[in-house]
Amino acid sequence: MSWLYPILRDKTFLWMLFIVNLLGTIYGYIWYIPQLKNTPGQFMIFVPDSPTASLFFCFVLAAFLMKKNWPIFEVLAIITLFKYGVWAVVMNLLTLWLSGELPWEGYMLMASHGAMAVQGILYSSFYRVKAWHIALGALWTLHNDIIDYVYMQFPVYSKLFLYIQDIGYFTFWLSICSILLAWYFTQKTPRSSITL
C-alpha cells in the first residue's frame, strides 16, 4: 500500500476527489427530494443516508487540504461510506434479481457507491480517530437504523418494501460490520501523515 500513499496525498488528487464527492453529494440530496417532501421534520437529517456519508468525507478532504484532521468526520465517513456504499450495491442487485432488469442509473449507483465504500478505507491510515470518536460514530449509525426501520424512514426502493424486515436486519448487521471495520482500520493499523 505504500506505493499508493503519494497518490492519495497529492494535492491535485485530493482536490479532484473533493469535487467529485461534492458533486455526488449534491446529486444525492437532489435524488432524495421527493422522499424529503414527505418526511417529518425531526427525521429529515437521517433520511438522505448516502449523500450525508459523502458530505462527511467532503469535510475529511477539506481538512486534509488544510493539513488538518477532523476525527469526528473521519469516523463518521469511514463507517457511513462503507455501510451505505455496500448497502446500495446490495439493494440494486436485489432489485435486479427481483425485477429482472435495472435502469442505467442503477448501474451508475452501484459503481459510485462501490467507490464510496472503498475511499473511506483507503484514507484510513491518515485518520486520527480515538475510541470515543468510534463510540459517537456507532451511536449515530445505530440511531439512524432505528429511524429507518422502526420509524420507517428508509430509502424508497419500490418492490424492496416487501422485504423491509429482512433489509432492516441486514442493515443492522452491516452497521455492526462497518463499526468494527472502522475500529480496525483506525486503531489497529499503522498511522501515516497526509502531508508529504
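# Spaces, a salt bridge and a helix

Trainee: The largest cavity encloses about 40 Å³ of space. This is a predicted model, so let's go through it from there. How many cavities of 30 Å³ or more does the structure hold?

Mentor: You've already got the volume of the largest cavity, about 40 Å³. That puts it past the 30 Å³ mark, and the count of cavities of 30 Å³ or more in the structure is one.

Trainee: Which element gives the largest share of that cavity's lining?

Mentor: Start with the residues: Ile-45, Phe-46, Pro-48, Asp-49, Thr-52, Ala-53, Phe-56, Thr-80, Tyr-84, Trp-140 and Asn-144 line the largest cavity. The elements giving two or more residues to this lining are α4, α5 and α7. The largest share, four residues, belongs to α4.

Trainee: And how many of the cavity's lining residues are charged?

Mentor: Sort the lining by class and you get seven nonpolar and three polar residues. Asp-49 is on the lining list, and Asp counts as charged. The number of charged residues is one.

Trainee: On to the pockets. Which residues lie nearest the centre of the largest pocket?

Mentor: That pocket has about 580 Å³ of space. Its lining draws at least two residues from each of α2 (11-31), α4 (49-65), α5 (71-99), α6 (104-122) and α7 (131-149). Of the 33 lining residues, those nearest the centre are Gly-24, Ser-54, Ser-112, His-113 and Met-116.

Trainee: How many of the residues lining the largest pocket are nonpolar?

Mentor: Take the other classes: ten lining residues are polar and two are charged. The nonpolar count for the largest pocket is 21.

Trainee: What about the second largest pocket: which residues are closest to its centre?

Mentor: The volume of the second largest pocket is about 220 Å³. It is lined by 14 residues, and the closest to its centre are Trp-31, Asn-92, Pro-103, Leu-109 and Tyr-157.

Trainee: Which elements each supply at least two residues of the second largest pocket's lining?

Mentor: By class, this lining has seven nonpolar, five polar and two charged residues. Going by element, the ones that each supply at least two residues are α2, α5 and α6.

Trainee: Let's talk charges. How far apart in sequence are the parts that Lys-83 and Asp-145 tie together?

Mentor: The structure holds one salt bridge, and the side chains of Lys-83 and Asp-145 make it, at 2.4 Å from N to O. Lys-83 sits in helix α5 and Asp-145 in helix α7, so the parts this pair ties together are separated in sequence by 62 residues.

Trainee: Are Lys-83 and Asp-145 buried or exposed?

Mentor: The cut-off to keep in mind is under 20% relative accessible area for buried and over 50% for exposed. Lys-83 and Asp-145 are both buried.

Trainee: Last stop, α8. Which helices do its buried residues pack against?

Mentor: Helix α8 covers residues 164-187, with 24 residues reaching 34 Å from first C-alpha to last, close to the 34 Å expected. Its buried residues include Ile-164, Gly-168, Leu-174, Ile-179 and Thr-186. They pack against α5, α6 and α7.

Trainee: Why does Thr-186 count as buried, and which residues does Thr-186 touch?

Mentor: Thr-186 belongs to helix α8. It counts as buried because its relative accessibility is 4%, and the cut-off is under 20%. Leaving out residues up to four places away in sequence, Thr-186 touches Tyr-127, Val-129, Ile-134 and Arg-191.

Technical notes
Residues numbered from 1 in each chain as written. Predicted model: local features only at pLDDT ≥ 70, side-chain atom pairs only at ≥ 80, totals over all residues. Heavy atoms only, no water. 1 Å grid on protein atoms, 1.4 Å probe; cavity = no way out; pocket = protein on both sides within 12 Å on 5 of 7 lines; lining within 4 Å. Points joined across faces, edges and corners; volume = space filled by probe spheres on them. Expected span 1.5 Å × (residues − 1). Buried < 20%, exposed > 50% of the residue type's maximum accessible area, 1.4 Å probe, protein only. Contact = heavy atoms within 4.5 Å. Salt bridge = Lys/Arg side-chain N within 4 Å of Asp/Glu carboxyl O.
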